[in-house]
Amino acid sequence: ACMERDDDIAIGEDADDDDFDEEPTFEVLDGIVEVQSTPLLGEGAFGTVHYAVLVEGSRAVALKAISKERTRQSASKAGSTEDIQQILYGEATLLEELAASRHRNMLRFHGWWQDETHIYVAQQLCMGGELPDWLYRQPAYTEAVAAKVTYDLLQALTYCHGLGVVHRDIKPQNLLFSSAAPDAYLKLADW
């Protein structure tokens, strides 16, 4: 359920400071995804993560709203000359490909859409939260828990590297858990 690529949307042309702070409107998602704008599930350098429900199937998901302007500015500062539309399209395609395998340590992908200012990515909702939060809720941080986390992370990385994909931002906040249970699966996030 991916939106077709829309090459007619101009990204980063004549952008001013007002565009940088533009909040997502979610209008392109009307009838597809019901978004709860508060509370936020997360916030990062390029956008926000919201709790949402896919209308078809009533599945709860995490909806990332990625700012095209913030991404363009970051790429420009890094010296990239690649078209921002190509960068974001490539990221959405990568997420779709990684999730297609149904590998237990990859987030499920439910689709992506875009408007003039944002790309919206619907992914598996991980109720266990980030690694630090998940560990805090465990009865004890034992060698067995450490081994499970390490094993799951290495399984995810081995899978990705086998596809020729490198995760360039591995940190505790990008390791999510499917639930708060001690046997929850670790999920590699934020590509």
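**Exercise 1. Work out how many helices and strands the chain has, and how they are ordered.**

Start with a simple tally: this predicted model has a chain with 5 helices and 8 strands. Next, walk along from the N terminus, and you'll read α-β-β-β-α-α-β-β-β-α-α-β-β. Finally, check how far apart in sequence the touching residues are. Take the contacts between residues at least 6 apart: 61% of them join residues at least 24 apart.

**Exercise 2. Find what share of the chain is buried, and what its exposed surface is made of.**

First, the inside: of the 191 residues, 41% are buried. Now the outside: about 10800 Å² is exposed, and carbon and sulfur atoms supply 49% of that.

**Exercise 3. Locate the largest nonpolar core and say which elements build it.**

Here's an idea to keep in mind: in soluble globular proteins, nonpolar side chains tend to be buried together.

Step one is to look for the set of 18 residues that forms the largest nonpolar core, where Met106, Trp134, Cys160, Phe177 and Leu188 have the most contacts inside it. Step two is to ask where the residues come from: H3, helix H4 (131-137), helix H5 (143-162), strand S7 (175-177) and strand S8 (186-188) each give two or more. H5 has the largest share, with 7 residues. Apart from this core there is another one, of 12 residues, including Ile66, Ile87, Leu88 and Ile119.

Step three is to zoom in on Phe177. Leaving out residues up to four places away in sequence, Phe177 touches ten you can click through, among them Trp134, Val149, Tyr185 and Leu186.

**Exercise 4. Describe the largest pocket: its volume, its lining and its centre.**

Begin with the volume, about 1500 Å³. Then go to the middle: 46 residues line the pocket, and Phe46, Lys64, Asp169, Asp190 and Trp191 are the closest to its centre. Elements giving two or more residues to the lining include strand S1 (33-43), strand S2 (47-54) and strand S3 (59-67), but H3 gives the most, with 6. Sorted by class, the lining has 23 nonpolar, 13 polar and 10 charged residues.

**Exercise 5. Find the largest cavity and sort its lining residues by class.**

Only 1 cavity of 30 Å³ or more turns up, and the largest cavity holds about 50 Å³ of space. Among the residues lining this cavity are Leu95, Met106, Gln123, Leu188 and Trp191. Sort the whole lining and you get 8 nonpolar, 1 polar and no charged residues. Which helix gives the most to this lining? Helix H3 (residues 84-100) does, with 3 residues.

Note on methods. Residues are numbered from 1 along each chain as its sequence is written. This is a predicted model: local features need pLDDT of at least 70, side-chain atom pairs count only at pLDDT 80 or more; totals for chains, interfaces and linings use all residues. Side-chain values use heavy atoms; hydrogens and water are left out. On a 1 Å grid over the protein atoms alone, a cavity is a set of points where a 1.4 Å probe fits but cannot get out, and a pocket is an open set with protein on both sides within 12 Å along at least five of seven lines; lining residues have an atom within 4 Å of a point. Grid points are joined across faces, edges and corners, and a volume is the space filled by probe spheres set on the points. Helices (H or I, at least four residues) and strands (E, at least two) are DSSP runs, numbered from the N terminus. Ala, Val, Leu, Ile, Met, Phe, Trp, Tyr, Cys and Pro count as nonpolar, Asp, Glu, Lys and Arg as charged, and the others, Gly among them, as polar. Buried means under 20% relative accessible area, exposed over 50%, partly exposed in between (1.4 Å probe, protein chains only). Contact means heavy atoms within 4.5 Å. Accessible areas come from the Shrake-Rupley method with a 1.4 Å probe; for residues, only the protein chains shown count as cover. A nonpolar core is a set of buried Ala, Val, Leu, Ile, Met, Phe, Trp, Tyr and Cys residues joined through side-chain atoms within 4.5 Å.
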